[in-house]
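Subject: Model handover and notes

Hello,

Here is the model I promised to pass on. Please open it alongside this message; my notes come after it.

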Amino acid sequence: MKSGCPFIAYNSSSIPEVAGKAGYLMDNITFDDFYAGVLYILNNRDEIINQGYKQSDKFNWENCFKQTLALYEEVYI
């Protein structure tokens, strides 16, 4: 997402949380679902790329450090 690359991923585990609305999530791994994802990206490419930039800003080492430190401070008290 940070590099402006749209993606197709499986709608499972933590992928929806990380992806947000920045890509196409498949509920089933089938050719038809993958093809639908390709068409979705072709028709919404600019919007998906912009969403990817916004979504990727939520996940960086600075935020990870701050959240981890806050957790340690909460547990340590």
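Below are my notes on helices, aromatic pairs, polar contacts and salt bridges. Please keep in mind that this is a predicted model.

**Helix α2**

Start with α2, which covers residues 31-56. The helix has 26 residues, yet its end C-alpha atoms are only 28 Å apart. A straight helix would reach 38 Å at 1.5 Å a residue. Where does α2 bend? The bend is at N44, and it amounts to about 90°.

The buried residues of this helix are G37, I41, I48, I49, G52, Q55 and S56. They pack against three elements: β1 (8-10), α1 (15-19) and β2 (24-26).

**Aromatic pairs**

How many aromatic pairs does the structure hold? There are two.

Take Y24 and Y40 first. Their ring centres are 5.6 Å apart. The planes stand at 45°, so this pair is tilted. Y24 sits in strand β2 and Y40 in helix α2. With their positions 16 residues apart, the pair links distant parts of the chain. Y24 is buried, at 19% relative accessible area. That value falls under the 20% cut-off for buried. Y40 comes out at 33% and counts as partly exposed.

F31 and Y35 make an aromatic pair too, and this one is stacked. The centres are 6.1 Å apart, with 15° between the planes. Both residues lie in α2. They are four residues apart, about one turn of the helix. F31 is exposed, at 62% relative accessibility. Y35 is partly exposed, with a relative accessible area of 46%.

**Q55 and S56**

Now two buried polar residues of α2, Q55 and S56. Is Q55 buried or exposed? Buried: its relative accessible area is 9%. Its side chain reaches the backbone oxygen of E17 at 3.2 Å. Leaving aside neighbours within four places in sequence, Q55 is in contact with M1, E17, V18, A19, G20 and A22. E17 therefore appears both as a polar partner and in that contact list.

S56 also lies in α2. It is buried, at 8% relative accessibility. A polar atom of the S56 side chain lies 2.9 Å from the backbone oxygen of Y53. With neighbours within four places in sequence left aside, S56 is in contact with M1 and K2. M1 is on the contact list of Q55 and on that of S56.

**Salt bridges**

The structure holds two salt bridges.

One joins the side chains of D57 and K2, at 3.1 Å from N to O. D57 is in the loop between α2 and α3 (61-76), while K2 is in the segment before β1. These residues are 55 apart in the chain, so the bridge is one that links distant parts of it. D57 is partly exposed, at 43% relative accessible area. K2 is exposed, at 59%. K2 is also a contact of S56.

The other salt bridge joins the side chains of K66 and E62, at 3.9 Å from N to O. Which element holds this pair? Both are in helix α3. They are four residues apart there, so about one helical turn separates them. K66 is partly exposed, with a relative accessible area of 49%. E62 is partly exposed as well, at 47%.

**Helix α3**

Last, α3 itself. The helix has 16 residues and should span 22 Å at 1.5 Å a residue. Its end C-alpha atoms are 22 Å apart, which agrees. For α2, by contrast, the end-to-end distance falls short of the straight-helix value.

At the start of α3, a side-chain oxygen of N60 reaches to within 3.1 Å of the backbone nitrogen of E62. E62 thus has a backbone contact with N60 and a side-chain salt bridge with K66.

**Where to look**

If you have time for three places, try these. See the bend of α2 at N44. See the tilted pair of Y24 and Y40. See the salt bridge between D57 and K2.

Best wishes

Notes. Residues numbered from 1 in each chain as written. Predicted model: local features only at pLDDT ≥ 70, side-chain atom pairs only at ≥ 80, totals over all residues. Heavy atoms only, no water. Expected span 1.5 Å × (residues − 1). Bend = angle between axes of the 7 residues up to and from the residue. Buried < 20%, exposed > 50% of the residue type's maximum accessible area, 1.4 Å probe, protein only. Contact = heavy atoms within 4.5 Å. Phe/Tyr/Trp six-rings, centres within 6.5 Å; stacked < 30°, edge-to-face > 60°. Polar contact = N/O pair within 3.5 Å; in protein donor to acceptor, adjacent residues only side chain to side chain. Salt bridge = Lys/Arg side-chain N within 4 Å of Asp/Glu carboxyl O.
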